[in-house]
Amino acid sequence: TYDYTKNNPSTAKQRSEQRNDAREFDDRRLGNRSNRRDMDRVGGSSGSSRYNEPRVLMVHGLDSKMNPDRLFNILCMYGDVNKIKFLASKRGVALVEMKNQVGSENTLTHLNRVKVLGQSISVSQSKHREV
């Protein structure tokens, strides 16, 4: 059987409008005034700079068993992660670039002085602008 509703432009448009309405409701419920397209756009004219500018964090005290995949899985719960770089010169230290300041603040708030793999990690803002 062929589903005629999939190719019907009016129903596709209605589905798109429903998704947009749901996103706007989500944003209002979370207290965000700008829509997600504005939050994702770097250097955009609308939206707050808190959503646009990437932030770099230093994570100290990582266990030797920690790798970039594990660290990514931990950090992505608090915000979008752009890059992770383990420092070869300092053991147990990683630079993490978050997509925006909100993710950076969430990570600082929830992961600073938390035990991960048996060791307490320290999360702080880095002086670096990007990784």
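**Exercise 1. Strand pairing around β1**

Determine the sense in which β1 and β5 pair in this predicted model, and over how many bridges.

Solution.
Step 1. Take the two strands together: β1 and β5 run antiparallel to each other, and four bridges join them.
Step 2. Pick out one bridge of the pair. M58 has S124 in β5 as its bridge partner.
Step 3. Turn to the pairing of β1 with β3. This pair is also antiparallel, and it has five bridges.
Step 4. Here too one bridge can be named: L57 is partnered by V96 in β3.

**Exercise 2. The surroundings of S124**

Classify S124 as buried, partly exposed or exposed, and list its contacts beyond four places in sequence.

Solution.
Step 1. Locate the residue: S124 belongs to strand β5.
Step 2. Apply the accessibility classes. Buried requires under 20% and exposed requires over 50%; the relative accessibility of S124 is 28%, so S124 is partly exposed.
Step 3. Leave out neighbours within four places in sequence. The contacts of S124 are then L57, M58, H60 and L108. Of these, M58 is the bridge partner already met in Exercise 1.
Step 4. Compare chain separation with distance in space. N112 is 12 residues from S124 along the chain, and the two C-alpha atoms are 7.6 Å apart.

**Exercise 3. The largest nonpolar core**

Identify the elements that give two or more residues to the largest nonpolar core, and state which gives the most.

Solution.
Step 1. Start with the membership. The core has 14 residues, and those touching the most other members are V59, L62, L71, L75, V96, I121 and V123.
Step 2. Assign the contributions to elements. Two or more residues come from each of β1 (55-60), α4 (68-75), β3 (94-98) and β5 (119-125).
Step 3. Rank them: β3 gives the most, three residues.
Step 4. Examine one member, L71. Beyond four places in sequence, L71 contacts L62, M66, I84, F86, A94 and V96.
Step 5. Set this against the general pattern: nonpolar side chains tend to be buried together in soluble globular proteins.

**Exercise 4. A buried acidic residue**

D63 is buried; find the nearest side chain of opposite charge and decide what this says about a salt bridge.

Solution.
Step 1. Place D63 in the loop between β1 and α4.
Step 2. Find the candidate partner. The nearest oppositely charged side chain is K65, 4.9 Å away.
Step 3. Apply the cut-off. A salt bridge needs the charged atoms within 4 Å, and D63 has none.
Step 4. Check the backbone of K65 as well: its nitrogen lies 3.1 Å from a polar side-chain atom of D63.
Step 5. Add the contacts beyond four places in sequence: D63 touches L117 and Q119.

Key. Residues are numbered from 1 along each chain as its sequence is written. This is a predicted model: local features need pLDDT of at least 70, side-chain atom pairs count only at pLDDT 80 or more; totals for chains, interfaces and linings use all residues. Side-chain values use heavy atoms; hydrogens and water are left out. A nonpolar core is a set of buried Ala, Val, Leu, Ile, Met, Phe, Trp, Tyr and Cys residues joined through side-chain atoms within 4.5 Å. Buried means under 20% relative accessible area, exposed over 50%, partly exposed in between (1.4 Å probe, protein chains only). Contact means heavy atoms within 4.5 Å. Two strands pair if DSSP finds at least two bridges between them. Lys and Arg count as positive and Asp and Glu as negative; His and the chain ends are not counted. A polar contact is a pair of N or O atoms within 3.5 Å; within protein, one must be able to donate a hydrogen and the other to accept it, and residues adjacent in sequence count only if both atoms are side-chain atoms.
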